[in-house]
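Subject: Structure for you to look at

Hello,

Here is the structure I promised to pass on. Please open it first, then read my notes below.

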Amino acid sequence: MAPLTHPSIVDGWFREISSQWPGQAMTLKVTKILHVEKSLFQDVLVFESETFGNVLILDGVIQCTERDEFSYQEMIAHLPLASHPNPKKVLVIGGGDGGVVREVLKHETVENVVLCDIDEAVVRVSKQFLPHMSSLLSDPRVTVFIGDGFKFLADNTATYDVIITDSSDPVGPAASLFQKPYFQLIADALTPGGHACSQGECLWLHLPLIRELRETTSAIFPVVDYAYTTIPTYPSGQIGFTMAAKEAGRDLRIPLRSVSGCKYYNANVHRAAFVLPEFGRVMLEEGKSITPVLGTAAKAATATGEKKRVLLLGSGFVARPCAEYVVRGPLNLLTIACRTLASAEALGEGLINTSAISLDVNDTTALEAAVAAHDLVISLIPYTFHAAVIKAAIKGKTHVVTTSYVSPAIRELDEEAKKAGIVVMNEIGLDPGIDHLYAVKTISEVHAKGGKIKQFLSYCGGLPAPNCADNPLGYKFSWSSRGVLLALLNSASYLSEGKQEDISGTDLMKTAQPYFISPAYAFVAYPNRDSVPFRDFYKIPEAETVVRGTLRYQGFPEFIKVLVQLGWLDAQEKDWLKEGLTWAEVTQKATGVRFFFHFLHFLGCKQRDSTYKPTFVLSLSSLIARIDGVCEFPSAAERMRIISGLRWIGLFSQEKASPRAGNLLDTLCAQLEKLMQYAPGERDFIMLQHKFVVEWEDGKQDTLTSTLEMYGNPIGYSAMAQTVGLPCGIAVQLVLDGVLNKTGIHAPYSMDIVEPIMKILESEGLGMVEKVL
């Protein structure tokens, strides 16, 4: 069996990274991963740490460790129980690990405890790996109920003396546990004089939320208070409790009885838990913040000038890093627009100064209205829509930034954009984008020293990291699968030793050749689109060879060539491609294989048996024979590898196919998207390299390289998202600031555009490494 892995554990260290505590993270050294599963509700991880014993993680967040769990469990239980005169019936919402129940049973007055947790996996896993916490769940006084806490509370009014909510942080479904309807249910489920205690977040991180909780609960309970405990493995080492009592005059701060057998709690700690540091007291009692104002908030406090409204179209893989950079600007107000409001809201979750709208870019009137209401529009939707967006921007006098190539349709809008006084900045992602920056920089430097660029070769690949390239194509999708496959049919042109070479789309994969960058990688390369104009764009008329191309792992082109030859990259609608066909039948129809009569039934029947109906079967051998007839294989070994790969895709399967858009290309895309997505914990990989063969004035030749080698973060952004989204965001800010101010249609082909973008890009830790070979 393969060893257990988890995306939050990298190089032997668990990392707790969350938008709930931005800019900081807790790390623990992992000795052994004990358990990984996806329950019906959350991701469950248990590992043994080097210094904190067994650790339970839910959705990437530490819930408890053997070393310090007692400080939290004791305080959340004993604060409300010890201050209650006679608690007999107790309800614990959440807390499936059993730690709170263990502490509740230390009170002799308690006769009955109900644990209500929605996820049976937490209870089950805790019994196995945290028995010191969960052992008392089998006590006869304890009832474990697996179900929805809201419904349980609604069904049990005026029942419990103390209700404890051991919840996770207010993200996703748990957010409802921090809202007024939930606290009203608690109040209704309490007996007269009952106490409530809920996980109440951290003073260092969530003061506004804590104050909001105080105001919410004060509208329901006559007595409300806040206490806290310290615990090393919770964010900032501190966690609080929102406490409430139904009886006016009840003092939650005074323990009415002692509790034995504790490691953290005692009577003095009980009283002290309500004594807040001054910054916390001032916020909760006076509503004022006296903490330092830093980062974006500090910039916002001192920023002067008009607010800038930015519209972001699209919610794809690369949009979030771009959006995050844009909202760093203290004067920027970002609107995210997607076809569905839910997608826009999801992309903008946690971003300051951000709103979401639903927008159909095919609705010209709605598009024009949305664009005109903003100072700048970022178009991260498919490139076919960019011209329509730019037309709307010209009408609304709104600047535009895209990451896509300048198409002929876009270039035709140059004069109109100039008349409208707007900047339309294109090709500012990775490729195109970062590649332009370092090409133009090096070329400018060589020319300034009197040198000539004799050869320019630039290859870029967005790939799975080598250890994640575990399928027959050695590829996984970090952007549109359709876009990836269609790009493989683009014709290409390039200059080689002064001669233009033109390649049709159907022959593109035949031109792929091994390309050496590093002995660590087995790359092949093929030309991408039309490289010829870049001799002019980059101002290198002296160059005899100019190639811009794509990198893939060895074996990719041969596989794609077979898919092309079999017709699977055909985007034309097929009348016969309907629901009900098996994958084998679709492959048969695509390749023209004939069915064979199946006479086995006939041979067992009498010659005059009128019930016999001949059936047709499609044999695997006939399919493979047809593939051998249609396709060219470089070797017998490659034939075996590729046919095995076709079987892996499912093209010979008797399972029903799911046709998409009535054509083979989109139907294949739908299948590959299921098979070739990045799994949790996997990461992508970017390789971009320029190679310049330079001839100096004295006749000496040098080979210069600029290389970007970058891996994605398995629990953060992919390398593709970072290298496309960040340059785009930088360009947006430079246009808003008036640094990039030339009106019309532009791409980063000149140093006046390249230099300011590159300066900020490198300050963000992203750039290419330059060497002389």
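How many bridges join strand 7 to strand 8, and do they run parallel or antiparallel? Five bridges join them, and the two strands run parallel. Strand 7 covers residues 89-94, and strand 8 covers residues 112-117. One pair to look for is Ile-93 and Cys-116, which are bridge partners. Cys-116 is the one in strand 8. Please keep in mind that this is a predicted model.

The seven-stranded sheet

Strands 7 and 8 belong to an open sheet of seven strands. The order is 9-8-7-10-11-13-12, and the pairing is mixed. Strand 9 (142-146) and strand 12 (223-230) stand at the edges. Each has a single partner strand, so one side of each has no neighbour in the sheet. On average, neighbouring strands here are turned by 15° against each other, direction ignored.

Strand 12 also has a helix against it. The buried residues of helix 9 pack against strand 12 and helix 7 (207-218). Helix 9 spans residues 278-286. Its buried residues are Phe-279, Gly-280, Val-282, Met-283 and Leu-284. In an α-helix, residues three or four places apart point the same way, because there are 3.6 residues a turn. Just after helix 9 comes Gly-287, with a positive phi of about 75°.

The six-stranded sheet

Now go to the start of the chain. Six strands form an open sheet there, in the order 1-2-3-4-5-6. The pairing is antiparallel. The edges are strand 1 (9-10) and strand 6 (61-65). Each of these has a single partner strand, so one side of each is left without a neighbour in the sheet. Helix 3 (residues 120-129) packs on this sheet. Helix 3 touches strand 3 (26-38), strand 4 (43-49) and strand 5 (53-58). The direction of helix 3 makes about 120° with that of strand 3.

Strand 2 is worth a stop. Strand 2 (residues 13-16) is joined to strand 1 by two bridges, and the two run antiparallel. Ile-9 stands opposite Phe-14 in strand 2. On the other side, four bridges join strand 2 to strand 3, again antiparallel. There, Glu-16 has Met-26 of strand 3 as its bridge partner.

Which residues of strand 2 lie on its covered face, and which on its uncovered one? Phe-14 and Glu-16 are on the covered face. Trp-13 and Arg-15 are on the uncovered one. In a regular strand, side chains alternate between the two faces of the sheet.

Some backbone oddities

Most residues other than glycine have a negative phi, and most peptide bonds are trans. Three places here are worth checking on that score.

Start with Asp-11. Strand 1 and strand 2 form a hairpin with two residues between them, and Asp-11 sits in the turn. Phi of Asp-11 is near 55°, a positive value in a residue other than glycine. Asp-11 is exposed, at 75% relative accessible area.

Next is Glu-427. Glu-427 has a positive phi of about 55° although it is not a glycine. Is Glu-427 buried or exposed? Glu-427 has 1% relative accessibility, so it counts as buried. The cut-off for buried is under 20%. Glu-427 lies in the loop between strand 19 and helix 17.

Pro-432 is found in that loop too, between strand 19 (423-425) and helix 17 (434-448). The peptide bond from Asp-431 to Pro-432 is cis, with omega near 15°.

The whole protein

Last, some overall figures. The protein has 27 helices and 31 strands. There are 773 residues, and buried residues make up 53% of them. The C-alpha atoms fill a box of roughly 95 × 90 × 55 Å along the principal axes. About 34200 Å² is exposed, and carbon and sulfur atoms supply 52% of that.

Take contacts between residues at least 6 apart in sequence: 69% of these join residues at least 24 apart. On charge, the protein has 71 positive and 85 negative charges. Their mean positions are 3 Å apart.

Best wishes

Definitions and conventions
Residues numbered from 1 in each chain as written. Predicted model: local features only at pLDDT ≥ 70, side-chain atom pairs only at ≥ 80, totals over all residues. Heavy atoms only, no water. Pairing = 2+ DSSP bridges. Contact = heavy atoms within 4.5 Å. Axes fitted to C-alpha atoms, helices over the stretch in contact; angles between N-to-C directions. Buried < 20%, exposed > 50% of the residue type's maximum accessible area, 1.4 Å probe, protein only. Areas by Shrake-Rupley, 256 points an atom, 1.4 Å probe, with all protein chains shown as cover. Lys, Arg positive; Asp, Glu negative; His and termini not counted. Charge placed at Lys NZ, Arg CZ, Asp CG, Glu CD.
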